[in-house]
Structures are given as C-alpha cells and as structure tokens.
Amino acid sequence: MVSVSTRRSRTGPRREGLRRGQFTPRTPTRVEPHGDARLNVRDGAMARTAEWILERTPGRVVIAAANSHIQRHHPAFDVLGTHLSAMLGDDYVAVGVTCEGGRVVTRRLAPGAPAMAETVEAGLEPPVAGSIEAAIGTGRPTIADPGRYAADRIRLLDTYAEGPVAEAFDLVACVPVSTPTEQAVWSGGRF
C-alpha cells in the first residue's frame, strides 16, 4: 500500500510520454477481458500527479495506495507502480501491505443500490499455501523481502491476486489482523 521513491533525473521516451499525458503500456501478458487494457486512465493520472510532485519536492515521497495500484508489474496493464518503476528504476520501492487474518471491507454487486455496488465486511480465511501471508506470517507485524520466498499470490480484499509477489513488490509488510473502521463500510447510497 505504500510506495517510496527518491527524486532523480528522469529522461527518455517513457518520461516524455508521461509529460505529454501519453501512457503507452508494455505488451500485456494477458488480455483484459472487459475492455482495452491500454486505457487504464486512472493509474496514468495518478502517475502524472506523482511525477508533478516529484518535480517540485526535494527528497523522498511516500504514496499510499492499494497494492493493486503500487505494484511494479501488473499481469494485464500498467498501473501507477509500473509507471513509477519505468520513470524511477531502482529508486522506486513498492511496499505491499497485507494481513494474516481478520476482516476486510470489499465490494459486492448490489443492483438495488444507486451505485450498483455496496461495501460489506468479509472475514478472512487463514492464508493459503503459496501466499506471501503463509510464508511470512508470524503472528506479529513483519516486513520481509518477497524475493526470499516463492510466493505466487498476495491478498486482494477477500481473495488473492495471483502472480510472483517478488516481481510486484520490493518489500511486503504483514500484520496479524486486519480490522476495518466503521467509516470504511459504505452502503452504496442506501440509508
């Protein structure tokens, strides 16, 4: 959920593309089933904002965002982290945040809600085999280099995002229990 980068000189075609608002993704490893994967405008805009801040802020910048946004590599399209990784290289540090158990807030389809979705609390099952949570979970807060483990998945809300965790994150922080706040649960416009 956190990415840290240091300011450094950033030049080249990728940098120029960001400046002009053109976000040309790498060739995806799979096709996004619901539309053109090259049109991830939201993450492109987040990357442009991060670039703007880096140009005006000396030192390091910490960006808090969901793991799915800050990861270095996404299996389908470029996200904030892939843009920042291309801009900053090794100066970009992606820190994934996860938990061993507890509860999370997730979205569910709710056709009767004004937004067609609502948020609900969901209990988490124990970490599955092959997950980074199973590999580094100790019952206490832990920060680990995922490159030391062969984890091929990390929690994503109440499910898992699959893929080599070490390719997506430089570090992973894992807490024993996740507990959502009351403010995290939105009814989708229902009262």
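His69 is found in helix H3, which covers residues 67-70. At 13% relative accessibility, His69 counts as buried, because the cut-off for buried is under 20%. Leaving aside residues up to four places away in sequence, His69 touches Arg42, Asp43, Met46, Val79, Leu80 and Gly81. Keep in mind that this is a predicted model.

**The chain as a whole**

The protein chain has six helices and eight strands. Along the sequence they follow the pattern β-α-α-β-α-α-β-β-α-β-β-β-α-β. The chain holds 191 residues, and buried residues make up 38% of them. Now take the contacts between residues at least 6 apart in sequence. Of these, 69% join residues at least 24 apart.

**Helix H4 and its partner H2**

How many of the nine residues of H4 are buried? Eight are, and H4 is mostly covered. The buried residues are Leu80, Gly81, Thr82, His83, Leu84, Ser85, Met87 and Leu88. Just after H4 comes Gly89, with a positive phi of about 60°.

H4 packs with H2. Their axes come within 8 Å and cross at roughly 40°. H2 and H4 are therefore oblique to each other. The contact is made on the H2 side by Asp43, Gly44, Met46, Ala47, Ala50, Glu51 and Leu54. On the H4 side, Leu80, His83, Leu84, Met87 and Leu88 make it. The crossing of H2 and H4 is right-handed.

Some of these names have come up before. Asp43 and Met46 of H2 and Leu80 of H4 belong to this helix contact. Asp43, Met46 and Leu80 are also among the residues that His69 touches.

**The nonpolar core**

In soluble globular proteins, nonpolar side chains tend to be buried together. Here the largest nonpolar core has 23 residues. Which of them touch the most other members? They are Ile70, Leu84, Ile132, Val165, Phe169 and Val172. Several elements give two or more residues to this core: helices H2 (41-56), H4 (80-88), H5 (132-136) and H6 (165-168), and strands E2 (60-64), E3 (92-109) and E8 (171-178). The largest share, four residues, comes from H4.

**Strands and their pairing**

Strand E8 pairs with E3 and also with E5. E3 and E8 pair in the parallel sense over seven bridges. E5, residues 142-144, runs antiparallel to E8 and is joined to E8 by three bridges. E6 and E7 also run antiparallel, with four bridges between them. The table gives one residue pair from each of these pairings.

| Strand pair | Sense and bridges | One opposite pair |
|---|---|---|
| E3 and E8 | parallel, seven bridges | Thr98 and Cys174 |
| E5 and E8 | antiparallel, three bridges | Ala144 and Val172 |
| E6 and E7 | antiparallel, four bridges | Ile154 and Ala161 |

Val172, the bridge partner of Ala144, is one of the core residues that touch the most other members.

**Two residues of E3**

Val95 is found in strand E3. Is Val95 buried or exposed? At 15% relative accessibility, Val95 counts as buried. Val95 and Ala173 are 78 residues apart in sequence. In space, their C-alpha atoms are 7.0 Å apart.

Gly101 is in E3 too. Gly101 is buried, with a relative accessible area of 12%. Not counting residues up to four places away in sequence, Gly101 touches Leu124, Arg155, Pro176, Val177 and Ser178. Gly101 and Gly137 are 36 residues apart in sequence, and 9.7 Å apart in space from C-alpha to C-alpha.

**The turn at Leu157**

E6 and E7 form a hairpin with two residues between them. Where is Leu157 found? Leu157 is in the loop between strand E6 (153-156) and strand E7 (159-162). Most residues other than glycine have a negative phi. Leu157 has a positive phi, near 55°. At 32% relative accessibility, Leu157 counts as partly exposed.

Definitions and conventions:
Residues are numbered from 1 along each chain as its sequence is written. This is a predicted model: local features need pLDDT of at least 70, side-chain atom pairs count only at pLDDT 80 or more; totals for chains, interfaces and linings use all residues. Side-chain values use heavy atoms; hydrogens and water are left out. A nonpolar core is a set of buried Ala, Val, Leu, Ile, Met, Phe, Trp, Tyr and Cys residues joined through side-chain atoms within 4.5 Å. Buried means under 20% relative accessible area, exposed over 50%, partly exposed in between (1.4 Å probe, protein chains only). Contact means heavy atoms within 4.5 Å. Two strands pair if DSSP finds at least two bridges between them. Axes are lines fitted to C-alpha atoms, for helices over the stretch in contact, and angles run from 0 to 180 degrees between N-to-C directions. Angles under 35 degrees count as roughly parallel, over 145 as roughly antiparallel, 65 to 115 as roughly perpendicular and the rest as oblique. A crossing is left-handed if the near helix is turned anticlockwise from the far one by less than a right angle, and right-handed if clockwise.
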